Amino acid sequence: MTNTYPMSGTMTRRNGFAKLLCMLAAATLTSTLVAQAPLPTAHLSIDPSAIVAPVSATLYGMMTEEINHSYDGGLYAEMIQNRTFRGSWEGVEHWGLVRNGDSAATMSIDRNDGPSKALSTSLLLQVTSASSGNDAGVSNPGYWGLAMKPNTSYRGSFYARTDDADGTLTVRIVNDRSGGVIVSTQVPLHAGPWSEYEYSLKAGPIRPSVENHIELTLDHPGTLRLQLVSLMPPTFNNRLNGNRPDLMERMAGMHGHFLRLPGGNYLEGDRLEDWYNWKETIGPLVDRPGHQAPWTYWSTDGLGLLEFLEWCEDLKIEPVLAVYAGYALNGQHVAAGKDLEPFVQSAVDEVEYLTGNTSTKWGARRAQDGHPAPFPLHYIEIGNEDFFDRSGSYGARFTQFAKALRKQYPQYKLIATDPIKADAATAIPDMIDDHYYKPPNEMMDFVHHYDNAPRTGSKIFVGEWATRSGTPTPNFGDALGDAAWMTAMERNSDLILISSYAPLLVNVSPGAMQWPTDLIGFNAETTYVSPSYYAQSLFAAHLGDGTAKSSITGTGDRFFYSATVGAADHVLHLKLVNATSRDQPLAIDLAGVKGEHTAMIESLHAATYQATNSISEPDAIHPTQSKVRVMGGNWQHTVPALSIEVVDLRLQ
Ligand code: AHR
């Protein structure tokens, strides 16, 4: 088997998509299945009793943002697309007019009438002719379909205003192909000011389907304004405004320890006015205006700051809170000094919202929003990728934030997104956030980057990393690159305290993706995980807390390993990555290990670098388990070509 990766070039930020597509087009990845002789035996020596460096208990975490419909149309369980009619200003995106029989109606946007200051517009439905069986109204296709499951209850709500005499609104789910009604209900309307209405739909023993849409219709002439039209399926932990259980379970399976939130570019926005203003993402949904997110579409902020924190709580992980630091993706920045003060205050308030007790202003607000208990916090990140700010303003901006945050909250570690220069001498960051997006060969060539890095300054957060060549999710070659990189992070985990792959989620429906290599794929109905997901989840589940003294001779430059030990359970965790197309025999010398032991091996293997999982073939690559006997301290073990192995060997 021969495989080559002719691609090179580091991708960052939003040039990633175009650049990756060019690279994919230019790439001539080849794989020829020819059995090849094994490589010569290499020698790996490990002394599990000699720990040379600590491994951070929180090395692995997660990073997501509103990209690829990760939240709206993804994790956030809302089923209605453009529920606040803000998808665009030109028309009523994703909404259609329903006219059954000889009914007649129009729909438009009323820009001057809505239920709240935040949602001050509405969809105006004017039905001029309708009767029973000839109703008229509006429809919505959901986010690439509405997934309907048998014997399942759905909670719905909307805001409406009508001046007509009392009547009823019909809400129904209709199959796109057959036109058959899957489930429906009637909602009595009353004339008068804006009111919130609730409804529920209970699907019977139907066949699961996704090609459905929702209709809201009147069977009488009338005028109706609608806003915040919602339909929620069951959610993880039954949260009222919660998340899709299937995606939450996928994330739980990663064994991560934190969530870096709220982004990425999503924290910053394209223009200064598009910054992630967290105060507009909390409280009742009707008071959340939403905002233009940088990845081309509108964010409803239904998944707002509190929902981010509850998501952490549900997964029993901690937030790594990124606060907006006054830089926009178009290159503009807010000058340090007076202009920056409101943003610094916003960050101080935000930390209080997370951690303050209920006697503080923002702690009380959190309680009012439904969560009296404070959330745990250790790290605050100031900005995102401020190395893009060519004006050199970050040092002064970071310093201003750091001084205010350290004064109020000395207990938290501060993360900078670029090494701070001269004017920031008084505000040394506790940690620097480094980002790496690389094709497989480059990632594998990069594994020694931190081996000789200074251990005296700031610690490292690898806040975004990914090996990228597959799309929409990584292929097996990417998983090998990721596994190689993870061995490097574990070996250097005295310096690298936390890390998070990015981006995590992609809706694989046509047109939903902006970033072409993402860890977990999904559509309205189902999810799947990539080989890279499995590699990460295996590494994270077998971490250990100290790196054992070790050395290797006789391998080429495409074999990687990490040897860590758990002090409490006396387990040696050995990660072995063979990224070549030939088997790699190993003579493993385990110093001080005597008698018979059982090694538990979890393996990931594929026949080619390009092999992958997909929404239609979700399980092509998955871990397999095996056990082998290890006699004494000499273990002859062959790591198959194109394989990632995670071995646990109990030492006592
Ligand atoms: O992960 C995708 C993007 O890559 C992030 O938003 C940004 O921080 C980085 O450039």
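## The largest cavity

Let's start inside the protein: 14 residues line the largest cavity, and the ones nearest its centre are E65, W295, Y437, E464 and W515. Keep in mind that this is a predicted model, so everything here is read from computed coordinates.

How much space lies in the largest cavity? About 90 Å³. Its lining is a mixed bunch, with seven nonpolar, three polar and four charged residues. Across the structure, the count comes to five cavities of 30 Å³ or more. If you're wondering how anyone finds such gaps, rolling a probe the size of a water molecule over the atoms shows where empty space is left.

## How the chain is divided

Now step back and look at the chain as a set of domains. Domain 1 takes in 29-54 + 544-650, domain 2 takes in 60-75 + 236-241 + 262-530, and domain 3 covers 87-232. So you'll find domain 1 and domain 2 each written as several stretches of the chain.

## Where domain 2 meets domain 3

Take domain 2 and domain 3 as a pair. Their C-alpha centres lie 36 Å apart. In the contact between them, 19 residues come from domain 2 and 14 from domain 3.

The size of an interface is often given as the accessible area lost when the parts come together. Here, domain 2 and domain 3 bury about 1300 Å² between them, and 66% of that is on carbon and sulfur atoms. Which three residues supply more of domain 2's buried area than any other three? They are V286, A524 and E525, with 40% of what domain 2 buries against domain 3.

## What kind of contacts?

Between domain 2 and domain 3, there are zero salt bridges, but three residue pairs are in polar contact. On the side of domain 2 that touches domain 3, the residues split into eight nonpolar, six polar and five charged.

Definitions and conventions: Residues are numbered from 1 along each chain as its sequence is written. This is a predicted model: local features need pLDDT of at least 70, side-chain atom pairs count only at pLDDT 80 or more; totals for chains, interfaces and linings use all residues. Side-chain values use heavy atoms; hydrogens and water are left out. Domain bounds come from an automatic or database domain assignment. Contact means heavy atoms within 4.5 Å. Buried area is the accessible area (1.4 Å probe) that two parts lose on being put together, summed over both. A salt bridge is a side-chain nitrogen of Lys or Arg within 4 Å of a carboxyl oxygen of Asp or Glu. A polar contact is a pair of N or O atoms within 3.5 Å; within protein, one must be able to donate a hydrogen and the other to accept it, and residues adjacent in sequence count only if both atoms are side-chain atoms. Ala, Val, Leu, Ile, Met, Phe, Trp, Tyr, Cys and Pro count as nonpolar, Asp, Glu, Lys and Arg as charged, and the others, Gly among them, as polar. On a 1 Å grid over the protein atoms alone, a cavity is a set of points where a 1.4 Å probe fits but cannot get out, and a pocket is an open set with protein on both sides within 12 Å along at least five of seven lines; lining residues have an atom within 4 Å of a point. Grid points are joined across faces, edges and corners, and a volume is the space filled by probe spheres set on the points.
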